[in-house]
Amino acid sequence: MDELKKQLVAAIPQMMLYARSRVGHPDEANELVQEALERILKRLPQLSGAEVNFIAYGKRVIRNVHVERWRASRRMVQLDDAAFEEVCSQSGISTTYIDTLKVFRKLSEQCQSLLGLVAERYKYAEIALILEMSEGAVAGAISRCRSAFLTFMKGGR
Amino acid sequence: MGPKVLSIEEISRYIDGELSEAERRDIEFQLESFAKSREKLEEHRTVARDISSLLDEVILNDPAYHAFIQMVQDFEPRPIDLDIQAIRELIPDRDRLRRILDQLSSELYGTLSEASMSMMSPEKSSSMSLEMDRLLIEDRSQDPTRIGNELGRHIEEFSGVHALFSKAFPEFNAELEKLQSIAMALRKIERSEADPEIAVITVLIERLVERGLPGARIMLKIVVGDSIFKRDYQKAIREIAKFIESIQ
């Protein structure tokens, strides 16, 4: 159980970043993470002894929570750039941060995980283990994800 | 090796410190010799810095991060979750476990799912205590509104199979229609004036029970004010399910 908790704790930054990339406003993002963590913790005893990729699992649960809330409130599940910027601005965060987050959210989930983990100073070998990829694939994918980020940053698609 | 434009993978590895000392020196030599490589490096460095700033905002500036860590660390599973886990470990074969659980629930509650049990009356709760049942029995008998409501609901819930009843037992149609109209009437009749209607539907339902209309016994219980338990609903649903199977 302690090992699972440790792995779950390690996944929290990526889960928080993922939630922010979905909803923008930090408070709303944290509500998603809170509920996702509660759901995961409820299932934690059942996961004992299993190999769990908590980053992927955490993101999946956040996505489910978000979609369920959207269904309940009938609001847009995926904000467009303008709406996203507006939501972020309400929380008083810097425009540079908002611009970066706007680009980050356009990346695929795999790219978000790869770049997020490397930003957390994980080594490629560790990332390969976490994301169940070969080390060579991690290196290639990180460089492609950075290029994609650059393309989006420059306004490309 | 002569100067060359570095690949994005080489640049990424360089930024992330994933190169050996010799490889790093080689990349730095290439960077010095080629402005295009330096430009690429700067761009990718900016991306790495930007993404780091996103994470720093979460890890360093958001108090929720520490609250979440605390939440996970403080988590203690409920005893029931540990029991469930122990059972899973004892019987890892999911099919076998399901069969055992089905058997157990069948012995305790019958074989039908909870979902099937949600049909018909609100009195389906298995958690209702015996004392509650006793009180209800006292209050239930001969209350025309209660009979009208429950019977009406029962008939409505089974309306989906009425068409099948009509096909298989056309002779029941008249009784069912009559039952439905009396149930409607009972909802509005005063207790003191309800005796004739209750007498009529009692006879009608007894006749249906005698002739084996699936689900009829429960209607009799409703009319005479017997307490109705989960098993009664299960039995009624089983009878109807069997009936539907038999005519398909």
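# Two helical chains and their contacts

α1(A) passes α4(B) in a right-handed crossing. This is a predicted model, and that crossing is a good way into it. The two helices pack with their axes 10 Å apart, at an angle of about 155°. An angle over 145° counts as roughly antiparallel, so α1(A) is roughly antiparallel to α4(B). Here α4(B) covers residues 63-74 of chain B.

Look at the side chains along this pair. From α1(A) come Lys5(A), Leu8(A), Val9(A), Ile12(A) and Met16(A). From α4(B) come Tyr65(B), Phe68(B), Ile69(B), Val72(B) and Gln73(B). By class, this contact of α1(A) with α4(B) holds 8 nonpolar residues, 1 polar and 1 charged.

Now step back to the chains themselves. Chain A has 8 helices and 0 strands. Along the sequence, its pattern reads α-α-α-α-α-α-α-α. Chain A has 157 residues, and 38% of them count as buried. Take the contacts in chain A between residues at least 6 apart in sequence: 65% of these join residues at least 24 apart.

Chain B has 14 helices and 0 strands. From the N terminus on, every element in its pattern is again an α: α-α-α-α-α-α-α-α-α-α-α-α-α-α. Of its 248 residues, 23% count as buried. Among contacts in chain B between residues at least 6 apart in sequence, 70% join residues at least 24 apart.

How many residues of each chain take part where A meets B? In chain A, 34 residues are in contact with 34 residues of chain B. On the chain A side, the elements that give two or more residues are α1 (2-23), α2 (26-47), α5 (95-104), α6 and α8 (135-153). By class, that side of chain A has 23 nonpolar, 8 polar and 3 charged residues.

Helix α6(A) is one of those elements, and it spans residues 109-119. Its partner to look at in chain B is α3(B), residues 35-61. The axes of α6(A) and α3(B) come within 9 Å and cross at roughly 80°. Angles of 65 to 115° count as roughly perpendicular, which means that α6(A) is roughly perpendicular to α3(B). Leu115(A), Gly116(A) and Ala119(A) are the α6(A) residues in this contact. They meet Ala48(B), Ile51(B), Ser52(B) and Leu55(B) of α3(B). The contact of α6(A) with α3(B) has 5 nonpolar and 2 polar residues, and no charged ones.

Next, turn inward within chain A. Helix α6(A) also packs against α1(A): their axes come within 10 Å and cross at roughly 130°. α1(A) and α6(A) are therefore oblique to each other. Their crossing is right-handed. On the α1(A) side, the contact is made by Gln14(A), Leu17(A), Tyr18(A) and Ser21(A). On the α6(A) side, it is made by Gln112(A), Ser113(A), Gly116(A) and Leu117(A). This contact of α1(A) with α6(A) has 3 nonpolar and 5 polar residues, and no charged ones. Gly116(A) thus appears twice: it touches α1(A), and it touches α3(B).

Which residues have the most contacts inside the largest nonpolar core? They are Met15(A), Ala19(A), Val33(A), Ala36(A), Ile62(A) and Leu114(A), in a core of 48 residues. The largest share of this core, 10 residues, comes from α1(A). Ala19(A) shows how the packing runs. Not counting residues up to four places away in sequence, Ala19(A) touches Ala29(A), Leu32(A), Val33(A) and Ile62(A). Apart from this core lies another, of 23 residues. Leu151(B), Ile205(B), Met219(B) and Ile222(B) are among its members.

Finish at the start of chain B. Helix α1(B) covers residues 8-15. In it, Glu10(B), Ile11(B), Ser12(B), Arg13(B) and Tyr14(B) are buried. What covers them? The cover over these buried residues includes α8 of chain A, together with α2 (21-33) and α3 of chain B. Just after α1(B), Gly17(B) takes a positive phi of about 65°.

Notes: Residues are numbered from 1 along each chain as its sequence is written. Chains are lettered from A and ligands numbered from 1 in the order in which they are written. Axes are lines fitted to C-alpha atoms, for helices over the stretch in contact, and angles run from 0 to 180 degrees between N-to-C directions. Helices (H or I, at least four residues) and strands (E, at least two) are DSSP runs, numbered from the N terminus. Angles under 35 degrees count as roughly parallel, over 145 as roughly antiparallel, 65 to 115 as roughly perpendicular and the rest as oblique. Two residues are in contact if their C-beta atoms, placed from the backbone, lie within 7 Å. Ala, Val, Leu, Ile, Met, Phe, Trp, Tyr, Cys and Pro count as nonpolar, Asp, Glu, Lys and Arg as charged, and the others, Gly among them, as polar. A residue is buried if 20 or more other C-beta atoms lie within 10 Å of its own, exposed if 12 or fewer, and partly exposed in between; C-beta atoms are placed from the backbone. A crossing is left-handed if the near helix is turned anticlockwise from the far one by less than a right angle, and right-handed if clockwise. A nonpolar core is a set of buried Ala, Val, Leu, Ile, Met, Phe, Trp, Tyr and Cys residues joined through C-beta atoms within 7 Å.
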